[in-house]
Amino acid sequence: MNAPINAPKLYDCRDAFATTLERLAAENETIVAVCNDSVGSSKLGGFKAKFGERLVNVGIAEQNMVGVAAGLANGGRLPFVCAAAPFLTGRSLEQIKADISYSNANVKLVGISSGMAYGELGPTHHSIEDFAWTRVLPNLPVIAPCDRIETAAAVEWAAAYNGPCFLRLSRVGVPDLLPEGHKFELGKANLLRQGSDVTLIANGTLTHRILKAAEILADRGINARVLNLATVRPIDEEAIIAAAKETGAIVTAEEHSIFGGLGSAVAEVVVDNAPVPMKRLGVPGVYAPTGSAEFLLDEFGMAPSAIADAAQSLIRRK
């Protein structure tokens, strides 16, 4: 089926990551890339061609990969660790905890193809637990950019930041949402649409979906506020509390389990500061089946129309 004539162009955030990393590496010779036989899927082909001596491919050995990166950081290098998100976080969690978080190592963890981007490969390749695993670790900012512009800005920030972080990047195409030249600020939400009836919060691949949901709600006479919450930790408590007090209802949507992810992080702030009705949309505590990411998101109630329906239903509880 042909795309609608006015459909926005979609971009793979991995391309923005790779282009930005190559530019930064040309300026900073301490930058190295470490991967687990994932040069292609991490879009590191250009980096390899330009800086082959600074690419460390450890093979399919994720725990070793994280340990190698920690050693490189201790030796004065600036490692970006690139691997499929489910294997980077799931297989290497102990090393991320001890070698990166506890040691406060200056290592940038980049989880590629997060969420359900590997949809056709099934449950073992879905990364719908990584927010929960990483956001509990001290010293580890957790970031999920919403588009290519925020991805590039987040990579620039990460390179300048003295400490570890986790960047969660999808391979699913998303439209531009933020203006060119956007500067990433850790722990700061982006207000994408003002509203007073309900607040929609998302990050990553779900941000453009909640914007579409807000447009649907506007057609129904409902004014929805839209927040892009790229930083899951540290979270923007001020923006969340203001949203709760000023709109009285919050819907979160995420390409992650509803347990321990973005919705849980928002709910923790809400219940402690300004309790209001909430609805957390995501994978409802099951193993997501095989299927494309778009299909699975729709199946789990995160089509824009379903998000709008959930928000409209929640408003009745205010």
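A residue is called buried here when its relative accessible area is under 20%. In helix α9, the residues A239, I240, I241, A243, A244 and T247 are buried. An α-helix has 3.6 residues a turn, so residues three or four places apart point the same way. The buried residues of α9 pack against three strands, β8 (198-202), β9 (224-228) and β11 (250-257), and against helix α10. After α9 comes G248, with a positive phi near 80°.

**Model and confidence**

The structure is a predicted model. Its pLDDT averages 96 over the protein, and 98% of the residues score at least 70. Residues 1-5 have a pLDDT below 50, and in the model this stretch makes zero contacts beyond near neighbours in sequence. Where pLDDT is low, the predicted coordinates should not be read in detail.

**Nonpolar core**

The largest nonpolar core comprises 39 residues, and L109, I250 and V266 have the most contacts inside it. Two or more residues are contributed to this core by each of α3 (62-74), β3 (78-84), α5 (93-102), α9 (237-247) and α10 (262-273). In soluble globular proteins, nonpolar side chains tend to be buried together.

Two residues illustrate the surroundings in detail. Beyond its neighbours within four places in sequence, V266 contacts I201, L229, I235, I240, I250, T252 and M278. I240 is among the buried residues of α9, and I250 is itself one of the residues with the most contacts inside the core.

I100 belongs to helix α5. Its relative accessibility is 0%, so I100 counts as buried. With neighbours within four places in sequence set aside, the contacts of I100 are V66, A70, Q95, A105, V107, L109 and P164. By contrast, the C-alpha atoms of I100 and G119 lie 29 Å apart, although 19 residues separate the two in sequence.

**Annotated domain**

An unreviewed UniProt entry places the feature "domain: Transketolase-like pyrimidine-binding" at residues 11-176. In the model, the C-alpha atoms at the two ends of this span are 8 Å apart, and the span is 42% helix and 16% strand.

**Aromatic pairs and charges over rings**

The structure contains three aromatic pairs. In one of them, the ring centres of W157 and Y161 are 4.5 Å apart and the planes meet at 20°; the pair is stacked because planes under 30 degrees apart count as such. W157 is buried, at a relative accessible area of 16%, whereas Y161, at 26% relative accessibility, is partly exposed. W157 also pairs with F184, with ring centres 5.6 Å apart and planes at 65°, so this pair is edge-to-face. W157 lies in helix α7 (residues 148-160) and F184 in the loop between β6 (165-169) and β7 (190-193), so the pair ties together parts that are 27 residues apart in sequence. Both W157 and F184 are buried. Through ring pairs, W157, Y161 and F184 are linked into a cluster.

Two arginines lie over ring faces. R148 is positioned over the face of Y11, at 4.4 Å from the ring centre. R168 is positioned over the face of F131, at 4.2 Å from the ring centre.

**Loops and backbone geometry**

G187 is located in the loop between β6 and β7. This glycine counts as buried because its relative accessibility is 12%. Outside its neighbours within four places in sequence, G187 contacts T231, P234, I235 and D236. The C-alpha atoms of G187 and P141 are separated by 8.6 Å, with their positions 46 residues apart along the chain.

P234, one of the contacts of G187, sits in the loop between β10 (231-233) and α9. The peptide bond from R233 to P234 is cis, with omega near -5°.

Two residues other than glycine with positive phi, D37 and K43, are listed below.

| Residue | Phi | Relative accessibility |
|---|---|---|
| D37 | near 65° | 51%, exposed |
| K43 | near 60° | 29%, partly exposed |

D37 is placed in the loop between β1 (31-35) and α2 (45-50). K43 is likewise found in the loop between β1 and α2.

Terms used:
Residues are numbered from 1 along each chain as its sequence is written. Side-chain values use heavy atoms; hydrogens and water are left out. pLDDT is the predictor's confidence in each residue, from 0 to 100. Contact means heavy atoms within 4.5 Å. A nonpolar core is a set of buried Ala, Val, Leu, Ile, Met, Phe, Trp, Tyr and Cys residues joined through side-chain atoms within 4.5 Å. Buried means under 20% relative accessible area, exposed over 50%, partly exposed in between (1.4 Å probe, protein chains only). Helices (H or I, at least four residues) and strands (E, at least two) are DSSP runs, numbered from the N terminus. UniProt positions are given in the numbering used here, feature names are shortened, and annotations may be inferred rather than shown by experiment. Rings of Phe, Tyr and Trp (its six-membered ring) pair if their centres lie within 6.5 Å; planes under 30 degrees apart count as stacked, over 60 as edge-to-face and the rest as tilted. A charge sits over a ring if NZ of Lys or CZ of Arg is within 6 Å of the ring centre and within 35 degrees of the ring normal.
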